[in-house]
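Please take a moment with the sequence and the model below, and keep the ligand in view as you read. The paragraphs that follow go from the ligand outwards to the space that holds it.

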Amino acid sequence: MLAERVSERVGAEVWLKLEGANPTGSFKDRGMTCAVSAAVREGAEAVICASTGNTAASAAAYAARAGLRGAVIVPEGKIATGKLAQALMHGARVIALRGNFDAALALVRELAQRHPIALVNSVNPFRLEGQKTAAFELVDELGALDALSIPVGNAGNITAYWKGFQETGARPRMLGWQAAGAAPLVHGAPVERPETVASAIRIGNPARWEEAMGAMAASHGAIRAVSDAEILDAYRFLAAHEGVFCEPASAAGVAGLLKHGAEDSRRIACVLTGHGLKDPQTALTRAGSVLPCEPELPAVEHAVLG
Ligand code: F0G
């Protein structure tokens, strides 16, 4: 959808790609349906992933659908409530690791080598094959784009978009955004203790590091950092002025555009990777408060009009 208010502020035509409208509320479904189908074909009995939340929700859903067991390893206390509810509802075994996402990913990689369990993180090539379809959709619907603005965590999605664009001959500048407290690609070195309000991209050592840097270089793009305050400003701006509620990590791409402007691009697509309902707690602590009211007309009048 065209984001008129964001466009005004950025000084370019900015389009939003709403990935929160996928079945489990994030872009992960595009790749997960492929990865789980491949796991079934290969005769796997179970799937496993490390996750900051959305991959876990998606893996759990597609595993349930396929009749496979699912196990997800998440950083304890660091995933949004909605995502946890999804993984549990879909019947996955949810393991809360006393460690961060990077530690969880290293562990599941080893586990998948030792047991007949399919690893469905974006190190799995089928994930990228599915996720690249988002780039096809953008090319179909918008034609030529000057830039794609996208949040970066484990760097699978930016890699998948670039693959998809290349397959169609499109070459938008790839603008990747990391949270300032979790910006290894910006610093050029892993971050041992990543921290950010955008829990989905709280990642210190992305698996698709080389590919993301390659996409940036080949497209004459950039990978830069935005602060938590900038992410939250964009998060609120989208909700209040575009009527679009995304999760905090998803707002990083818009935050980057609001901060740096259009920089010669005339037409930009911004990927809103996950739905705002995934993370009600952040919304409730960062938005206005509710007004208590007695059930009487004057009190209601005062509350509504006052
Ligand atoms: N936005 C959201 C909402 C995410 O959940 C993620 C990644 C990203 C952006 C970044 O995408 O990792 O391909 O660079 N979430 C993963 C997860 C890590 O476990 O759900 P990426």
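In this predicted model, the ligand is surrounded by 20 residues, and those that come closest to it are S51, N154, A155, N157 and T273. Sorted by character, the residues of this shell comprise seven that are nonpolar, eleven that are polar and two that are charged.

Individual polar contacts can be picked out around the ligand. On the side-chain side, an N or O atom of K28 lies 2.9 Å from a nitrogen atom of the ligand. The backbone takes part as well: a backbone N or O atom of T52 is 2.8 Å from an oxygen atom of the ligand, and a polar backbone atom of T55 is likewise found 2.8 Å from an oxygen atom of the ligand. The ligand taken alone would expose 470 Å², and the protein buries 99% of that area.

Where, then, does the ligand sit with respect to the cavities of the protein? The space that the ligand takes is the largest cavity. The elements that contribute two or more residues to the shell around the ligand are α3, spanning 54–66, and α8, spanning 156–168.

The cavity itself can be described in a similar way. Rolling a probe the size of a water molecule over the atoms reveals where empty space is left. Searching the whole structure turns up one cavity of 30 Å³ or more, and the volume of the largest cavity is about 310 Å³. Its lining is made up of 27 residues, with F27, K28, G153, N154 and A200 lying nearest the centre of the cavity. At least two lining residues come from each of α3, α6 (125–131) and α8, and α8 gives the most, with three residues. By character, the lining of the largest cavity divides into eleven nonpolar, 13 polar and three charged residues.

Terms used:
Residues are numbered from 1 along each chain as its sequence is written. This is a predicted model: local features need pLDDT of at least 70, side-chain atom pairs count only at pLDDT 80 or more; totals for chains, interfaces and linings use all residues. Side-chain values use heavy atoms; hydrogens and water are left out. A residue is near a molecule or strand if one of its heavy atoms lies within 4 Å of it. A polar contact is a pair of N or O atoms within 3.5 Å; within protein, one must be able to donate a hydrogen and the other to accept it, and residues adjacent in sequence count only if both atoms are side-chain atoms. Accessible areas come from the Shrake-Rupley method with a 1.4 Å probe; for residues, only the protein chains shown count as cover. On a 1 Å grid over the protein atoms alone, a cavity is a set of points where a 1.4 Å probe fits but cannot get out, and a pocket is an open set with protein on both sides within 12 Å along at least five of seven lines; lining residues have an atom within 4 Å of a point. A molecule sits in a cavity or pocket if more than half of its atoms lie within 2 Å of its grid points. Helices (H or I, at least four residues) and strands (E, at least two) are DSSP runs, numbered from the N terminus. Ala, Val, Leu, Ile, Met, Phe, Trp, Tyr, Cys and Pro count as nonpolar, Asp, Glu, Lys and Arg as charged, and the others, Gly among them, as polar. Grid points are joined across faces, edges and corners, and a volume is the space filled by probe spheres set on the points.
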